[in-house]
Every structure is written in structure tokens, then in C-alpha cells.
Amino acid sequence: MKLDRKTIEQLAEHLENAELQAHDVVKITDAHPEMDWDDAYAIQAEILRRKLARGNKVVGLKCGLTSRAKMKQMGVETPCFGFLVDYFTVDDGGTVKTGELIHPKVEPEIAFVLKKPLKGPGCHVGAVLAATDFVMAGIEVIDSRYRDFKFDLKSVIADNCSSARYVLGGVAAPVAGLDLRTLGVVMEKNGQPVAIGAGAAVLGHPAAAIAMLANHLGARGEEIPAGTMILSGGVTEAVAVNAGDHVNLRVQSLGSVSVHFA
Ligand code: OOG
Ligand code: MG
């Protein structure tokens, strides 16, 4: 760690205020180039602590920057991990108020729900599949708090990996009998296909993203509890949305999920 406790608390407040007041900020590494990975995750943890103190509840975890398309779009080389809290949840077919967000984008994702805990190090795709209760189609709405969605990996980790809203829908399917690598994904905006891909775009297999999260937490002596919902990361590039847009995601064998922007 390079930052002291007070600086971590100040940066967490700064980034969380940007989220809650829907205004952008410059990336925090501009003023703190010395910050390291542990500082970045410590700022994220402090944002979570602030939310829990306010009565918010954790409803899941997320993996981000797990596909080449996303890494290339954002100019980073390594995945990141974040948390999801109750007020991020939007019902299938529901509405996201763009006035509460800065510059939202949507991503097609595959969500895992666990029936058993997962603990790294040494977690792998097979262990993830054995621990998975079911998978579902999910649209993640990301909203970087950084100006023009421009950041580096440490800044985005501190900003809880741009988490803002998410929608789950369709069929809750057990993974037995599904090949998640070849699962086709089509996301439409206002009836036009804007993102097309397959599960293998996420680290070769979406379960590999969940294994990576388990190994990341394992290095910190933590595990993913049974029952946790985890977004495995955008299969394609994220697509910008505006008020009036309607987004629909279809995932092969998992049905469809949609969301409206007002
Ligand atoms: C970071 C979050 C990325 C994903 O699925 O790749 C993410 C960002 O691109 O702003 O959620
Ligand atoms: Mg995502």
C-alpha cells in the first residue's frame, strides 16, 4: 500500500459522491500516480463500507474486462472485480433513469449463481461448473465516473469497475448440457443488433472469469459464498445508450432480457 488511510477514505468519498450525484471526475491516478493495486481495491472496499453503513445490501459480484473486446476498448490488459448492491438491480423489462447516471453503456453478460462456495487459490473452470446452480442472461449497465470513460486499471478498480445497474432475465438454466463457450449472444438496441458474440470471448470460457475471481479473493483469504450471483463480464464491447433507448439481449438457451432507458 502506498496511500495512507485518510487518503483512501477521501478518494472513496470523492468517487462515491461522483456516482451518487452523477457527475464525472478526472482519473484518480492523475493526482496519485504512486497508488498500487492494494490501494485501488482498498478504495473500492471503502466505497462498499460507506454503502453498507447507509443500509445498502450486497446482491452480487462482478468480473469486468474479461474479454479481448472490452480490454481493447478500454486500453487495459487485466480483468477487474467489483461488487453489486441492491439499488443497482433493475427488473427485467424495467426502466433505468439516465438522469441518475453520467454516460451509461450496456454490456451483454452471462450471470452465474452458485450453490456451493468457491475458494481459491487453484480454482478452475471445472470447480466453477460443479459449484454453479444456474446461469442466466444479464445486461450490465456500466457508468464510469471518469471523464469520457477514460481511465487506467487502478482508477477503474477504485471506481468499483464502473458498476451502476444490472438486469437479469430469461431462463435460469443449469450448466449441465450447456456449452458456455459456444453460447451465442445477440444484443439489440432499438431493434438493431449492436453486439454479437459467444461465451468463449470471455477468457475462453465464462466460468474462467468466476475462477479468476475466486483466486483473486483467495489471495486475500476470502471466498465466494454459496448463493452468490456473479456477472462474468461483457462478451463484446460496451454500447453507449441514451434516454429513449430500448435494449434487448438474447442468449442461446437462456432466453432474453430487456431494459428501457428514460
Ligand atoms: C469497466 C467495467 C467493465 C465488463 O464487463 O467488462 C465491465 C469499464 O469498462 O468501464 O463491467
Ligand atoms: Mg460488465
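Here are five exercises with worked solutions on a predicted model of a protein with its ligands.

**Exercise 1: The metal site**

Find which residues are the protein donors of the magnesium ion (ligand 2), and work out how they are spaced in sequence.

*Solution.*

Step 1. Start at the metal and look for the atoms that reach it. The protein donors are E107, E109 and E140, each through an OE atom, and they lie 2.0 Å from the magnesium ion.

Step 2. Now go to the sequence. The donor residues follow the spacing E-x1-E-x30-E. Put simply, one residue sits between the first E and the next, and 30 come before the last E.

Step 3. Are E107 and E109 buried or exposed? Both E107 and E109 are buried.

**Exercise 2: The strands β5, β6 and β7**

Describe how β6 pairs with β5 and with β7, and say how well β6 is covered.

*Solution.*

Step 1. Take β5 (residues 105–114) to begin with. β5 and β6 pair in the antiparallel sense, over 10 bridges. To see one of these partners in the model, pick V113: its bridge partner in β6 is F134.

Step 2. Move on to β7 (residues 163–173). β7 and β6 also run antiparallel, joined by 7 bridges. Here you can pick V141, whose bridge partner in β7 is R165.

Step 3. Think about what holds such pairs together. Strands of a sheet pair through backbone hydrogen bonds, and they can do this parallel or antiparallel.

Step 4. Check the cover. β6 spans residues 132–142, and 9 of its 11 residues are buried, so you can call this strand mostly covered.

**Exercise 3: Around ligand 1**

Work out how many residues surround ligand 1, and which polar side-chain atoms lie by its oxygen atoms.

*Solution.*

Step 1. Count the neighbours. Ligand 1 is surrounded by 17 residues, and the closest are L65, K70, E107, S162 and G234. You've met E107 before, as a donor of the magnesium ion.

Step 2. Look for polar side-chain atoms. K70 places a side-chain N or O atom 2.7 Å from an oxygen atom of ligand 1. For K62, a polar side-chain atom lies 2.8 Å from an oxygen atom of the ligand. For E109, the distance from a side-chain N or O atom to a ligand oxygen is 3.0 Å.

Step 3. Finish with the cover. On its own, ligand 1 has 310 Å² of accessible area, and the protein covers 100% of that.

**Exercise 4: Three salt bridges**

A search of the whole structure finds 20 salt bridges. Take E9–R5, E19–K51 and R145–D159, and find out where each pair lies and whether its residues are buried.

*Solution.*

Step 1. E9 and R5 come to 3.1 Å between their closest N and O atoms. Both sit in helix α1 (residues 5–21), 4 residues apart, which is about one turn of the helix. With a relative accessible area of 34%, E9 is partly exposed, and R5 is too, at 44%.

Step 2. E19 and K51 have their closest N and O atoms 2.6 Å apart. Since E19 is in helix α1 and K51 in helix α2 (residues 37–53), this pair ties together parts that are 32 residues apart in sequence. The cut-off for buried is under 20% relative accessible area. E19, at 13%, is therefore buried, and so is K51, at 1%.

Step 3. R145 and D159 meet at 2.8 Å, N to O. R145 lies in the loop between β6 and α5 (153–158), while D159 lies in the loop between α5 and β7, so this bridge ties together parts 14 residues apart in sequence. R145 is buried at 3%, and D159 counts as buried at 2%.

Step 4. Go back to E19 and look around it. E19 and K51 belong to a network of salt bridges that also links E16, R50 and R54. On top of that, a polar contact of 2.5 Å joins the side chains of E19 and Y87.

**Exercise 5: An open sheet**

Give the strand order of the open sheet with 5 strands, and explain why β4 and β9 each have one side without a neighbour in the sheet.

*Solution.*

Step 1. Trace the strands across the sheet. The order is β4-β13-β12-β8-β9, and the pairing is mixed.

Step 2. Look at the edges. β4 (95–96) and β9 (192–198) stand there with a single partner strand each, so one side of each has no neighbour in the sheet.

Step 3. Zoom in on one edge. β8 (residues 184–189) and β9 run antiparallel, with 6 bridges joining them. Within this pair, E188 stands opposite P193 in β9.

Notes. Residues numbered from 1 in each chain as written. Chains lettered and ligands numbered in written order. Predicted model: local features only at pLDDT ≥ 70, side-chain atom pairs only at ≥ 80, totals over all residues. Heavy atoms only, no water. Buried < 20%, exposed > 50% of the residue type's maximum accessible area, 1.4 Å probe, protein only. Helix = DSSP H or I, 4+ residues; strand = E, 2+ residues; numbered from the N terminus. Pairing = 2+ DSSP bridges. Donors = N, O, S within 2.8 Å, 3.2 Å for Na, K, Ca; no water. Near = heavy atom within 4 Å. Polar contact = N/O pair within 3.5 Å; in protein donor to acceptor, adjacent residues only side chain to side chain. Areas by Shrake-Rupley, 256 points an atom, 1.4 Å probe, with all protein chains shown as cover. Salt bridge = Lys/Arg side-chain N within 4 Å of Asp/Glu carboxyl O.
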